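Reader: I should like to go through this structure step by step, with the reasoning set out for each answer. Please show the sequence and the structure before we begin.

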Amino acid sequence: MTDDNAPVRFDTKIAVLLRDDLETWQRLNVTAFLVSGLGTQVPEVIGEPYADADDTPYLPMFRQPVLVFAGSKEILTGAHAKAVSRGVTLSVFTSDLFATGHDEANRAAVRAVRRDGMDLVGLAVHGPRNVVDKILKGASMHP
């Protein structure tokens, strides 16, 4: 007999790292934006669609947990450099994006700044567990 509710250990990890000085609304907004791109680039992280007992359909979601971490600006900058050098799937959110109002303006704001000059407030990564753990070294679980 198998326990359908037993925890599953995934070979990969989805993680969000947020700068620790963000307002609550910013943390939520940044997290939502950051993870929105992962399913489009890594379709295997998406599970099957949901349905309730009345057969009302619902969208599929990630098939594994999303872990959220917090860290200083320096930890975020270091994590970004490690993620880029290791070639993991990566999304970024810079402070400039708080002043934009749509997707095209967001992309233009990121494009306008060199990688080492970005004022990062968050990033999301997906990759092998051990690689993601090394990228996030020094960050703590979000409170």
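Reader: How do the residues of the lining of the largest pocket divide into nonpolar, polar and charged?

Author: The model under discussion is predicted. Its largest pocket has a volume of about 440 Å³, and 16 residues line that pocket. By class, the lining residues divide into 8 nonpolar, 6 polar and 2 charged.

Reader: Which element supplies the largest share of the lining of the largest pocket?

Author: Helix 1 (24-36), helix 2 (38-41), strand 5 (89-94) and helix 4 each supply at least two residues of this lining. Among the lining residues, those closest to the centre of the pocket are Phe33, Ser36, Ser91, Val92 and Asp103. The largest share, 5 residues, comes from strand 5.

Reader: With which residue does Arg107 form a salt bridge?

Author: Arg107 lies in helix 4, and its partner is in that helix too, 4 residues apart, about one turn of the helix. The closest N and O atoms of the pair are 2.2 Å apart, and the cut-off for a salt bridge is 4 Å. The partner of Arg107 is Asp103.

Reader: How many residues apart are Lys13 and Asp133, which form a salt bridge?

Author: The closest N and O atoms of Lys13 and Asp133 are 2.3 Å apart. Lys13 is in strand 1 (residues 12-19) and Asp133 in helix 5 (residues 129-135), so that the pair links distant parts of the chain. The two residues are 120 residues apart.

Reader: Is Lys13 buried or exposed?

Author: A residue counts as buried when its relative accessible area is under 20%. Asp133, the salt-bridge partner of Lys13, is partly exposed, with a relative accessible area of 38%. Lys13 has 9% relative accessibility and therefore counts as buried.

Reader: In which part of the chain does Asp119, the partner of Lys73, lie?

Author: Lys73 forms a salt bridge with Asp119, with the closest N and O atoms 3.4 Å apart. The pair links distant parts of the chain, 46 residues apart, and Lys73 is in helix 3 (residues 73-86). Lys73 is partly exposed at 42% relative accessible area, and Asp119 is partly exposed at 27%. Asp119 lies in the loop between helix 4 (103-111) and strand 6 (120-128).

Reader: Which residues are linked with Lys73 and Asp119 in a network of salt bridges?

Author: By the salt-bridge rule, the count for the model comes to 5 salt bridges. One of them joins Lys73 to Asp119. The residues linked with this pair in a network are Arg19 and Asp21.

Reader: Which residues make the nonpolar surface patch of about 320 Å²?

Author: A patch residue needs over 30% relative accessible area and no salt bridge. One member lies in strand 3 (residues 57-58) and is partly exposed, with a relative accessible area of 43%. The patch is made by Tyr50, Tyr58 and Met61.

Reader: Which pattern does the protein follow when read along the sequence?

Author: The protein has 5 helices and 7 strands. Its C-alpha atoms fill a box of roughly 55 × 35 × 30 Å, taken along the principal axes. Read along the sequence, the pattern is β-α-α-β-β-β-α-β-α-β-α-β.

Reader: What percentage of the residues of the protein count as buried?

Author: The threshold is a relative accessible area under 20%, and Lys13, at 9%, is one of the residues that meet it. Of the 143 residues of the protein, the share that counts as buried is 34%.

Conventions: Residues are numbered from 1 along each chain as its sequence is written. This is a predicted model: local features need pLDDT of at least 70, side-chain atom pairs count only at pLDDT 80 or more; totals for chains, interfaces and linings use all residues. Side-chain values use heavy atoms; hydrogens and water are left out. A salt bridge is a side-chain nitrogen of Lys or Arg within 4 Å of a carboxyl oxygen of Asp or Glu. Buried means under 20% relative accessible area, exposed over 50%, partly exposed in between (1.4 Å probe, protein chains only). Patches are made of residues with over 30% relative accessible area and no salt bridge: like charges are joined within 9 Å, nonpolar side chains (Val, Leu, Ile, Met, Phe, Trp, Tyr) within 5 Å. Accessible areas come from the Shrake-Rupley method with a 1.4 Å probe; for residues, only the protein chains shown count as cover. On a 1 Å grid over the protein atoms alone, a cavity is a set of points where a 1.4 Å probe fits but cannot get out, and a pocket is an open set with protein on both sides within 12 Å along at least five of seven lines; lining residues have an atom within 4 Å of a point. Grid points are joined across faces, edges and corners, and a volume is the space filled by probe spheres set on the points. Ala, Val, Leu, Ile, Met, Phe, Trp, Tyr, Cys and Pro count as nonpolar, Asp, Glu, Lys and Arg as charged, and the others, Gly among them, as polar.
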